[in-house]
Amino acid sequence: LVRAAKFSGTGAKSSKFLEPLFNKGVAVSPELLNEGALDQLVTLNKLSALRAELDLPQLDAKDIAILAQAMAEIRTILTNKDAPKRGLDNDY
Amino acid sequence: MTTDTLILTPSKLPQRLYLFKSCVAGTFYPGIERSFRFILNSLNVDYFDDPNQSSCTGFGVHCGVVPPEANLSLNARNLALAYNSGYTNVVCTCPTSYANLKECINELQNENTRAAINDVLKAVKYEYKGGVTVYHAAEVLYAMKESLIKGARLSLSGLKIATHHGCHYTKVFYEEVIRGLWEYPTLLDDICSGFSGTLVDYSERSLCCGMGFSHFVRSSDYTGSIGLLKLESILAEEPDVIVTMCGACQTVLDHLQKRFKKKLERVAPVLNISQLVAILLGANITKDACVQFAAIDVLPLLKKINVV
């Protein structure tokens, strides 16, 4: 992997998870984003199919069932802790 | 409130456990937590499966994308949830959650830190008061060892087992490893030997699986090179199964064998200790242990222990 190449935002899959790293100037390989670190290791399609068979939520985090009150509490905590540009970036 | 701290010796069943779910385990190997629940239910252990618990954010912390304040605030809420529920023995299925929660408890012992974090929690009407103890699920399995062996329908007799304990259990709170030493932990070995398994030693026993969180995100070839070194060392001993206590280690050791199949002379299935014990107790292999999620086929192992 070309580890020295800094993510430019074009041609590579956008990653909200990695945005804070980019903002700090951390170099992340565009190849890694194109392929996806997980995609390189795990067959995600197979995993999705197996999860569906067990009636489990899919890997898209927005599908994960979280109690509304719990989510409200988590958001409030992160907002209170001067984290709108920090913790909140990662609560999806 | 008084706290009923667990006695982690195989003498009495632990009670009033707060089951702390793991993001990584729940995503890649849902059988880990299903198996642990199966075991607790089998022995009528009283536990609380709290739907209000949030992620410990350990993965994000180790990748440098979740700041310590956010981590500490969210885990102060998690620990307050456990305290308020009366189930003050928090049991993590993930070593990263285990170490992260313990680190948060240590941080929150500082009066200034605790006051600052409690100021944040005020907005959601929580207060962190302490009084919570954190364990790993494997420690609880060890504590229940005698009852588990008594209730087992199957054994590991004749099987060669290699264990990998996970760095976030052995190398963060290294003085609190309950069996063996941090450089040579034997917690998983001591559980497996109770079911008549034969433990094998290997040269890279203390080596990380390669996950490293930030390494995995930034440079998966680094993960691959470390993981391959580890796997070559394990597989040279020809184990029938590799037993872990960590969903992330399991993901790496299992899926890397598939990725490096051409480089490896042989492979071995990887199971979490909860999955293995649940199978020995008679759990359903697909609905409880969810072995179908494994990258390396578990069927040969299941045949050897007469499950199928």
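This report covers a sheet, its flanking helices, a nonpolar core and two residues of helix H4 in a predicted model.

## The sheet of chain B

Chain B holds an open sheet of four strands. The strand order is E2-E1-E3-E4, and the pairing is parallel. Strands of a sheet pair through backbone hydrogen bonds, either parallel or antiparallel.

Strand E2 (47–48) and strand E4 (133–136) of chain B stand at the edges. Each has a single partner strand, so one side of each lacks a neighbour in the sheet. Strand E1 (residues 17–20) and strand E3 (residues 89–92) of chain B pair in the parallel sense. Four bridges join E1 and E3 of chain B. Tyr18(B) has Val90(B) in E3(B) as its bridge partner.

## Helices across the sheet

Helix H2 (residues 31–42) of chain B lies across E1, E2 and E3 of chain B. Helix H2 runs at about 165° to E1(B).

Helix H5 (residues 95–107) of chain B lies across E1, E3 and E4 of chain B. Its angle to E4(B) is about 160°.

## The nonpolar core

The largest nonpolar core has 119 residues. Val90(B), the bridge partner of Tyr18(B), is among the residues with the most contacts inside this core. So are Leu141(B), Met144(B), Leu148(B), Leu156(B), Ile273(B) and Val277(B). Helix H4(B) gives the largest share of the core, nine residues.

What does Ile273(B) touch, beyond residues up to four places away in sequence? Its contacts are Ala138(B), Leu141(B), Leu188(B), Ile191(B), Cys192(B), Val243(B), Thr244(B) and Met245(B). Leu141(B) also appears among the core residues with the most contacts.

## Two residues of helix H4

Arg77(B) sits in helix H4 (residues 68–85) of chain B. Is Arg77(B) buried or exposed? Arg77(B) counts as buried because its relative accessibility is 0%, and the cut-off for buried is under 20%. Its side chain reaches the backbone oxygen of Asn52(B) at 3.0 Å. Leaving aside neighbours within four places in sequence, Arg77(B) contacts residues of chain A: Ala70(A), Glu73(A), Ile74(A) and Ile77(A). In chain B, the contacts of Arg77(B) are Asn52(B), Gln53(B), Ser54(B), Leu121(B) and Tyr126(B).

Asn84(B) also lies in helix H4 of chain B. Asn84(B) is partly exposed, because its relative accessible area is 47% and that class lies between 20% and 50%. Asn84(B) and Ala143(B) are 59 residues apart in sequence. In space, they are 25 Å apart, C-alpha to C-alpha.

How values were computed
Residues are numbered from 1 along each chain as its sequence is written. Chains are lettered from A and ligands numbered from 1 in the order in which they are written. This is a predicted model: local features need pLDDT of at least 70, side-chain atom pairs count only at pLDDT 80 or more; totals for chains, interfaces and linings use all residues. Side-chain values use heavy atoms; hydrogens and water are left out. Helices (H or I, at least four residues) and strands (E, at least two) are DSSP runs, numbered from the N terminus. Buried means under 20% relative accessible area, exposed over 50%, partly exposed in between (1.4 Å probe, protein chains only). A polar contact is a pair of N or O atoms within 3.5 Å; within protein, one must be able to donate a hydrogen and the other to accept it, and residues adjacent in sequence count only if both atoms are side-chain atoms. Contact means heavy atoms within 4.5 Å. A nonpolar core is a set of buried Ala, Val, Leu, Ile, Met, Phe, Trp, Tyr and Cys residues joined through side-chain atoms within 4.5 Å. Two strands pair if DSSP finds at least two bridges between them. Axes are lines fitted to C-alpha atoms, for helices over the stretch in contact, and angles run from 0 to 180 degrees between N-to-C directions.
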